[in-house]
Amino acid sequence: MKRFYVLIVAMLTFVTASAQTEMTTTEGKTLYKTTSKRRVSIHDPSVVFNPTSNRYYIFGSHKAGAYTTDMMNWTQANPKWKVGSNNNALNKNAFVTPAVKKVKKGGVEVDFPQFNAMDWAGKTDANYNIDGNMWAPDVIWNPTMNKWCMYLSINGDKWHSSIILLTADNITGPYLYQGPVVISGFDNGDHSFKDTDVELVLDTLDALPSRYNGTWATTTKPSLPNNIDPCVFYDEEGKLWIAYGSWSGGIFMLELDEETGLRDYDVTYTTSGGDPYFGKRIAGGYYVSGEGPYIEHIGDYYYLFMSYGFYSPDGGYEMRVFRSSNPDGPYKDASNHNAIFTSYVMNYGTGDSDTRGMKLMGAYNHWGVQTVGECAQGHNSIIAAPDGRTYLVYHTKFNNGTSNHQVRVHQVFVNKDGWLVAAPFEYNGETITDEQIATTQPFTEEELAGTYDLLIHKYKMDYQNMEEVTPISITLSADGKIRGDKNGSWSIEEGTGYIRLSLGGIIYNGVVFEETMDGNGANVISITAISKSGVSVWAYNPTLPSTGIKDLKTSQGLKDAWHTLDGRCLNSKPTTKGLYIQNGKKILIR
């Protein structure tokens, strides 16, 4: 049983001894105030901040959306479509006729293809239903256009997909279809390239070049992308980019025109490292798993997030991270592995023979007061927020025999090596920033000494049989030793929150800080760290050295109050013999 370790001290003059005792998890659940959040179930959440309303919005697949002001409690706010004077148009009518008729190429206005995204996706599928095929939108404010821009995947069978642009004056719409950004699945037949912007990019063609024949999904060639999962961002120089793609040919990037939000038709690409139409490949290829790209500039680097595996609860879905000094790569992990594959490999699950990318987390259970395991975390977005903190937003599924899912938010920190580490618990209003981590030491070595629950997010996991990692126990001693289920050493960099753990001969670099445990309001010492090989570890010690128990059911966090073990608040120091709680310590009065 996990235990909350606390000190018994004598408080009355006739007390002559003190000793160690333990607070069990059951006692902890009783004493701490139960907390909950207002949840939403949105697949593939993409986060954006609206400074006008001071709200964070997320947009997800199948026309889903929500907002929050505190990154903890969400309110549903689905977007709407505009067609003509109809500000709440049906999905089947929303992506038919582009508003843009002309674009510029070489300084000259040229005709823009009137691309029917709905028809393209369902042209050869008699049972096609657009309602379940509006995938993974990304929304961004374009100050040049003075518009909210939504980049949306319209998914079709056999790679007949497109990413389109819609714009609105208000963040939740109504959004008006402007035109296609990039299209996949074209051929010389029913899905003719003549109906796309291919000739606008490659010039007039009698027939498609051979490189587009039969290479949409194969493990023997780099392949071409399925045009889904857009991520649009401004780089540090103000250039607008889109990253997109999925299994098949991997993740590609294009430069966009800041004035229209559409493709910049004056930028050219080659077959070396990419494709003249699809742009530059930055990850994946050879039908290796990987989707949901998201790029954010944090600190000194651009970080590329990918979701490997399949998004079902038993599909091995998990987030991997790469970084680059440039917005279009090359993106590599701490072991210098490139995010681009040069041949087919299995890159998730027990057959994972290619462990590249920094793994933020995987399936886990019994963490804190958790009773249902979380799994298949992925298709995340991330935001370096105006409040100085960085928030990871993703959907998670559960190890409970269902396909249910919910949105989760964890704060993310940059460790001393410039790699990202996720907080062990959900975001619960903590105010710590990376700047504070780099300049302030939160605890002394003596205060950090104690017993911790440790979670190791290993790479190879049997997801098909719902494997999940669970906590083990370690003790950090003030002399820098680690003992318990794992042995090793630890140290904190003086004057900072940077911590170094050596566990079983593997070095993990991370941060230590105070955060609130999910579900019961207890403040704990938390450690999050990552190894050079990309394996993350989380640890927490439930006994804070100074603040102790907070948010007790009856005291509402009155720090100096006395309480009985069942959580009742007393008006003064007790005079009756027995066991009590004060300042997070279990006090024996004799």
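Let me begin with the salt bridge between the side chains of K105 and D203, where the nitrogen-to-oxygen distance is 3.7 Å. This is a predicted model, and that should be kept in mind throughout. The K105–D203 pair joins distant parts of the chain, with the two positions 98 residues apart. K105 belongs to strand β8, residues 102–105, while D203 sits in the loop between α4 (198–202) and β14 (231–234). As for accessibility, K105 is partly exposed at 24%, and D203 is likewise partly exposed at 48%.

Two further pairs deserve mention. K102 and D111 form a salt bridge through their side chains, at 2.5 Å from N to O. Here K102 is partly exposed, with a relative accessible area of 42%, whereas D111 counts as exposed at 54%. The cut-off matters for this pair: D111 is called exposed because its 54% lies over the 50% limit.

The other pair is E467 and K458, whose side chains meet at 2.6 Å, N to O. Both residues are partly exposed, E467 at 25% and K458 at 34%. Beyond such pairs, K37, R39, E374, R408 and E426 are joined into one network by salt bridges that share partners. How many salt bridges does a search of the whole structure find? The total is 21.

I turn now to the surface patches. Negative charge gathers on the surface in a patch made of E445, E446, E447 and E494. Of these residues, let me take E446, which is located in helix α6, residues 445–448. E446 is exposed, and its relative accessible area is 58%.

There is also a nonpolar patch on the surface, with an area of about 250 Å², to which Y287, Y344 and M346 contribute. Y287 is placed in the loop between β18 (279–283) and β19 (291–298). Is Y287 buried or partly exposed? At 31% relative accessibility, Y287 is partly exposed. That value suffices for the patch because residues there need over 30% relative accessible area.

Next, the cysteines. How many disulfides does the count give? The count is zero, which means that no pair of cysteine sulfur atoms lies within 2.5 Å. Two cysteines may be described individually. C231 is buried, with a relative accessible area of 0%, and C375 is buried as well, at 2%.

Finally, some remarks on the backbone. Which peptide bond leading into P174 is cis? The bond in question runs from G173 to P174, and its omega is near 10 degrees. P174 is found in the loop between β12 (162–168) and β13 (175–183). The peptide bond from G329 to P330 is also cis, again with omega near 10 degrees. The loop that holds P330 runs between β21 (318–324) and β22 (358–359).

Positive phi values outside glycine complete the picture. H62 has phi near 65 degrees, a positive value in a residue that is not glycine. Its position is in the loop between β4 (55–60) and β5 (64–68), and H62 is partly exposed at 39% relative accessibility. For N146, phi is near 60 degrees, which is likewise positive in a residue other than glycine. N146 lies in the loop between β10 (134–142) and β11 (147–154), where N146 counts as partly exposed at 49%.

Notes: Residues numbered from 1 in each chain as written. Predicted model: local features only at pLDDT ≥ 70, side-chain atom pairs only at ≥ 80, totals over all residues. Heavy atoms only, no water. Patch = residues over 30% accessible without salt bridge, like charges linked within 9 Å, V, L, I, M, F, W, Y side chains within 5 Å. Areas by Shrake-Rupley, 256 points an atom, 1.4 Å probe, with all protein chains shown as cover. Salt bridge = Lys/Arg side-chain N within 4 Å of Asp/Glu carboxyl O. Lys, Arg positive; Asp, Glu negative; His and termini not counted. Charge placed at Lys NZ, Arg CZ, Asp CG, Glu CD. Helix = DSSP H or I, 4+ residues; strand = E, 2+ residues; numbered from the N terminus. Buried < 20%, exposed > 50% of the residue type's maximum accessible area, 1.4 Å probe, protein only.
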